[in-house]
Every structure is written in structure tokens, then in C-alpha cells.
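This report takes up one helix pair and one internal cavity.

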Amino acid sequence: STKEMHSLARRPGTRVLSMFRLSLSSPSSFSYTTSAAVSDITCTKLTGSDEGVTVISLNRPTVRNALGKDLMQNFRKYLLDLNFDKECRAVIIKSEVESTFCSGADLKERATMSPNEVAQFVHSLRSAFNELEALPMPTIAAIDGTALGGGMELALSCDLRVAGASAKLGLPETGLAIIPGAGGTQRLPRLIGAAKAKELIFTGDILTADSAYDLGIVQHVVGKGEAYNKSLEIARKILTKGPLAVRMAKAAIDKGINVDSSSGFFIEQACYAQVIPSKDRLEGLAAFKEKRSPVYKGE
């Protein structure tokens, strides 16, 4: 749409490109998308039957999607826009680089930094991943290939993770005499338990997709190159649910998981109160009574 193209055109150093994407739900239909194509990172709003899904794509093939200053600056701009985007119902983060999700921080760039600049950059990474985690809509990491260091921390900041069969995941920072500094020491133990997280961080062991699945780090393992397709399949299921309900469910879980259960029940009650007066709740009841599919508008 014109509105989307104008929004994307505001990105510095990018050029707007229009393209057609084949819709996986129907071989005979197409979803039209707009994307800022000439960039290390792009943000695409899908349309047609996939309207409501936004795809953030990493594209730095020469450095295996290493997280540099420019990429992270644009990434945070996209996150800021998404945080206030009431039309977005799900976000997928994927790679355009074969056999790589994200290799972590750009170590060549970091080698040119002073200690103070390193501290500032790591702080910006941590802040960016906190902003990703705090997005109100569900986020899915489509991991095909390696996700190491900051790349794994990026994936851990998403709500769900889908891994292709060739995926490799790990936090190898101790091998460089540093530690995971963008949330890895906090999110991984909360996800799989402190002891196993300590072992993985202390040793720097790299996990296969199946091992990551067994530990509960990824929720699905699919064929090589199929992580995005599976992520889109999940996003399409989310699109059929009440947008406000999904957002409130995420808020209830995220805010309640780190408090005692009694406090968590109060959080759940407060989030439930937000959906009671919604038009979508009434639409859901009407659709159930009339035996039809509901049409939710996020109101």
C-alpha cells in the first residue's frame, strides 16, 4: 500500500522495492508486499490473507548477519514502530542468508572500539532485545543455520523459536573471555533451568536443532530451509484469534512468570478485565452462536 511504502521509504539509506510473494495457504493466490530492499535489515508488512504479519529479515551475507551498529540502529527503529502498530498481530524474524540466522555481534567492528564504546554497544544490544521481548504481539524466530552468541540471544528474546534441521545454537562467549551480555545469562536459565544454562554457558557447547528442541529452547524442528514456512504457519493461526486477547494473554504470561502465583493471578485478572468490554469478545460469542468464523478487528 502507499502508506506502507511511505513508511518504509523513511528508513535512511534504503530503497523501496515492490515484490510478489506466493501465498503458502493457496497455490493460486499471491500476497503483495512492500519492502525496503537495499539494507542489512528489512521490515516487510505482508498483505492479502497474511495481513497483520510483519517480517523482519537480516541480510548481511558477507559477515553472516553479524550485528553491527547500523543494523541495530535500524532494527530498533523498526521495533519502535511495531510497538505502536495496532494492526500488527505477529512478527517473524528470519534471515535472507543461507545457512545463517545470526552469527552474533560484529567482532571485526568491535575490535575497533574503545572499552567504553564496547560497553555502550553491548548496552544497546541488551536494550534492543529487551524492546523486542516487550513487543505486545507474539514474535517468532525462524532459525535456519547458525544462531550463536548475540544471534541466540536475539532468538531467546522472541516468544517462540522454530529451527530448521541444520540449525546450530549456542552461547560461546566464554571462549572469547567474555560472557553473554545481551540477555543470555538471564533468559536461558529462565527457559531451561539454571544448571543446564550454566553448563552451556560455561562450556560454550553448540546445540543441534534436535538438542535445542529436547531442552525446550525451540518449539519446533522442521526440514532445512523450512523454518520460515513453519513460522508463517504459526502466525496464520494467530491471525484467526482475537488480537486484543492474544496481546493480553502475552502480557499476563510475561508479567506473571517472574512473580509469585498469587500476584500472577491478580495480573491475569487485570489482563482479563481488558477484554471484557471489547467488541471482539461479543463477536466471538455471536460467531459461536451462529456457527460461523469470527471476524475480529482488535476492538
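The text below covers the helix packing and then the cavity.

This is a predicted model in which local features need pLDDT of at least 70 and side-chain atom pairs count only at pLDDT 80 or more, while totals for chains, interfaces and linings use all residues. Numbering starts from 1 along each chain as its sequence is written, and side-chain values use heavy atoms, without hydrogens and water.

Helices α2 and α4 (DSSP runs of H or I, at least four residues, numbered from the N terminus) pack with their axes 10 Å apart, at an angle of about 30 degrees. That makes α2 roughly parallel to α4 (angles under 35 degrees). The crossing of α2 past α4 is left-handed.

| Helix | Residues in the contact (heavy atoms within 4.5 Å) |
|---|---|
| α2 (residues 69-83) | Lys69, Met72, Phe75, Arg76, Leu79 |
| α4 (residues 115-133) | Phe121, Ser124, Leu125, Ser127, Ala128, Phe129, Glu131, Leu132 |

By class, the contact of α2 with α4 has eight nonpolar, two polar and three charged residues.

The structure holds one cavity of 30 Å³ or more (a set of points on a 1 Å grid where a 1.4 Å probe fits but cannot get out). The largest cavity has about 40 Å³ of space. Its lining (residues with an atom within 4 Å of a point) consists of Cys88, Arg89, Pro138, Ile238, Lys241, Pro243, Val246 and Arg247. Helix α10 (residues 243-256) gives the most to this lining, with three residues. Five residues of the lining are nonpolar, none polar and three charged.

Notes
Axes fitted to C-alpha atoms, helices over the stretch in contact; angles between N-to-C directions. Helix = DSSP H or I, 4+ residues; strand = E, 2+ residues; numbered from the N terminus. Parallel < 35°, antiparallel > 145°, perpendicular 65-115°, else oblique. Left-handed = near helix turned anticlockwise from the far one by under 90°. Nonpolar A, V, L, I, M, F, W, Y, C, P; charged D, E, K, R; others polar. 1 Å grid on protein atoms, 1.4 Å probe; cavity = no way out; pocket = protein on both sides within 12 Å on 5 of 7 lines; lining within 4 Å. Points joined across faces, edges and corners; volume = space filled by probe spheres on them.
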